[in-house]
Amino acid sequence: MKSNVIAIDGPAASGKSTIASLVAEKLGSYYINTGNMYRAVTLAAIESGVDLTNPGEDVFKKLKKKHRITYVKGVDGKPVLTIDSKQVNLEKIRTHKVSAKVGVPSKSLVVRKWLVAEQRKLTKLGTIVMEGRDIGTNVFPHAKYKFYLTASPEVRAKRRLGQSGEVLETATVESVAKEIALRDEMDSKRDIAPLKKAEDAICIDSSDKTIDQVVNYIVNAVSKK
Ligand code: CDP
């Protein structure tokens, strides 16, 4: 089967995961969340006792040697993220502790080369809906379908606040908005594969749209092309 890639990029808490997984379901394709791969590296680093304040590339070279991080087909046929063949606990990688540090491994050339190589291999599954920051610009610059999802900072902060476990108990819309803005800045200003809309991506602002509206828009656009 010829594989196709539907790339969905966008900033933190823009609704990519919800939208991308529903699009994949509707199209009968495979959903891949690349942010979770960067989060898995971050968790592995934290669990190995690595200080992520200002690590050198050697730290990440060691992690890469020690761990295999990839998606495999689960029992229901859906892709499952694994570290060393063990299923990754999604709650553990979406904690505030991991979110606060994930921007650090994401800046590393070693980590990006490592994960991008794994991401490119996933076309072997068939048609994939892959979401992240650099899918349309860097991982699959020739993807047939590219979308860039965004939403206003306030809407994004409110959405994130509604996702318990990902924010501190004391969090407010303002504090969450600040953290999101900080991560966006780190992601857009890094040297390697920064967060950026691909020139040929369709931009969708989901601030005033329902999930269904955005999902249907993408599914229709893909079906027409
Ligand atoms: O919090 P949210 O779900 O919006 O972000 P995520 O998709 O889980 O991604 C977490 C972090 O991983 C991002 O802030 C980026 O630093 C990094 N990332 C990346 O650098 N490149 C990607 N393709 C995906 C994520």
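Which helices each supply at least two residues of the shell around the ligand? In this predicted model, the answer is helix H2, which covers residues 35–47, together with helix H9, which covers residues 173–189. The points below begin with the ligand and its surroundings, and then turn to the two open sheets, one of five strands in parallel pairing and one of three strands in antiparallel pairing.

**The shell around the ligand**

- The ligand is surrounded by 19 residues, and those that come nearest are Arg39, Asp134, Arg160, Arg183 and Asp187.
- When these surroundings are sorted by class, the shell holds ten charged residues, five nonpolar residues and four polar residues.
- Helix H2 gives the largest share of the shell, namely three residues.

**Polar contacts and burial of the ligand**

- Two arginine side chains reach oxygen atoms of the ligand: a polar side-chain atom of Arg94 lies 2.8 Å from one such oxygen atom, and an N or O atom in the side chain of Arg112 is likewise 2.8 Å from an oxygen atom of the ligand.
- The backbone takes part as well, since a polar backbone atom of Ala13 is 2.9 Å from an oxygen atom of the ligand.
- Taken alone, the ligand would expose 530 Å², and the protein buries 99% of that area.

**The five-stranded sheet**

- Read across the open sheet, the five strands follow the order E2-E6-E1-E7-E8, and their pairing is parallel.
- At the edges stand strand E2, with residues 30–33, and strand E8, with residues 202–205, each of which pairs on one side only.
- From one strand to the next, the twist of this sheet averages 20°.
- Strand E7, made of residues 145–150, runs parallel to E8 and is joined to E8 by four bridges; within this part of the sheet, Tyr148 has Cys203 of E8 as its bridge partner.
- Helix H10, residues 211–224, lies across strand E1 (5–9), E7 and E8, and the direction of the helix is at about 160° to E7.

**The three-stranded sheet**

- The other open sheet has the strand order E3-E4-E5, with antiparallel pairing.
- Strand E3 (69–73) and strand E5 (86–87) are at the edges and have a single partner strand each, so one side of each is left without a neighbour in the sheet.
- Strand E4, which spans residues 79–83, is joined to E5 by two bridges, and these two strands run antiparallel.
- Opposite Thr82 stands Gln87, a residue of E5.
- Helix H2, which also supplies residues of the shell around the ligand, packs on this sheet by touching E3 and E4, and its direction makes about 130° with that of E3.

Technical notes. Residues numbered from 1 in each chain as written. Predicted model: local features only at pLDDT ≥ 70, side-chain atom pairs only at ≥ 80, totals over all residues. Heavy atoms only, no water. Pairing = 2+ DSSP bridges. Axes fitted to C-alpha atoms, helices over the stretch in contact; angles between N-to-C directions. Contact = heavy atoms within 4.5 Å. Near = heavy atom within 4 Å. Polar contact = N/O pair within 3.5 Å; in protein donor to acceptor, adjacent residues only side chain to side chain. Areas by Shrake-Rupley, 256 points an atom, 1.4 Å probe, with all protein chains shown as cover. Nonpolar A, V, L, I, M, F, W, Y, C, P; charged D, E, K, R; others polar.
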